[in-house]
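Please open the structure in the viewer and keep the sequence panel at hand. The tour below proceeds from one selection to the next.

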Amino acid sequence: MVSGRLKGRSLESPTDKKIRPTSSKAREMIFNTLISMLKKEDLNLYEMKVLDCFCGSGSIGIEALSLGAKSVLFLDASYKSISLTKKNCEKLCLFDRSSFYHGNILKKNFKQSEFDLIFLDPPYEQNIVLKVIKKLHLNRCIKKNCFGVFEVNKRTTIQEENFLKIIKIKKISNSAFFFFKIV
């Protein structure tokens, strides 16, 4: 189920067990926390360009669009994930604010894109969150003061970098959600 202007609409679920959609409980926590953090900075989701990396079913990016984000780039190395995300965006009439990229984030350059908000939910066993954030930062495709959330296994520890400030960590079930800001 989606909240925001698309409240109550359902998404197609993955049939592939490798695709691990973020639960509605976790999405609610993510956006409640994120909206609270943005308010403290006198910001909101409206007009933000969003990257939903390792998008799976697209649920996080779709939630951002439903809550007013300007646009979302959905990215995943899995063709099944990108197909499912496109199907969900089509079902909810979100194609006008959505773009899709099937490929490996570590091999893609987004020189033309500058994101205000990023979501990263890679397969837990890959342990590549910091590599991805460093690449995005070095390629200057995340704005200074960009906010983001990444999801990892709850036992994973992440150290701050000179450009990355971890603001909050919340845990649900086997997942830890790190809320961060690029400084």
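A polar contact is a pair of N or O atoms within 3.5 Å; within protein, one of the two must be able to donate a hydrogen and the other to accept it. The model on display is a predicted one.

**First stop: N44.** Select N44, which sits in the loop that runs between α1 (24–40) and β1 (49–53). Display its side chain together with the backbone of Y46: a polar atom of the N44 side chain lies 2.8 Å from the backbone nitrogen of Y46. N44 is partly exposed, its relative accessible area being 40%. Then add V183, which is 139 residues away from N44 along the chain; the C-alpha atoms of the two are separated by 18 Å.

**Second stop: R27.** Move into helix α1 and select R27. Is R27 buried or exposed? R27 has a relative accessible area of 6% and is therefore buried, since the cut-off for that class is under 20%. Show the side chain of E63 as well: the side chain of R27 makes a polar contact with it, at 3.2 Å.

**Third stop: the cavity.** The structure holds one cavity of 30 Å³ or more, and the space in the largest cavity is about 40 Å³. To outline the largest cavity, select its lining residues: P122, P123, Y124, N127, I128, V129, E151, V152, N153 and T156. Colour them by character, and the lining divides into six nonpolar residues, three polar and one charged. Finally, highlight strand β5 (residues 142–153), which gives the most to this lining, with three residues.

Terms used: Residues are numbered from 1 along each chain as its sequence is written. This is a predicted model: local features need pLDDT of at least 70, side-chain atom pairs count only at pLDDT 80 or more; totals for chains, interfaces and linings use all residues. Side-chain values use heavy atoms; hydrogens and water are left out. Helices (H or I, at least four residues) and strands (E, at least two) are DSSP runs, numbered from the N terminus. Buried means under 20% relative accessible area, exposed over 50%, partly exposed in between (1.4 Å probe, protein chains only). On a 1 Å grid over the protein atoms alone, a cavity is a set of points where a 1.4 Å probe fits but cannot get out, and a pocket is an open set with protein on both sides within 12 Å along at least five of seven lines; lining residues have an atom within 4 Å of a point. Grid points are joined across faces, edges and corners, and a volume is the space filled by probe spheres set on the points. Ala, Val, Leu, Ile, Met, Phe, Trp, Tyr, Cys and Pro count as nonpolar, Asp, Glu, Lys and Arg as charged, and the others, Gly among them, as polar.
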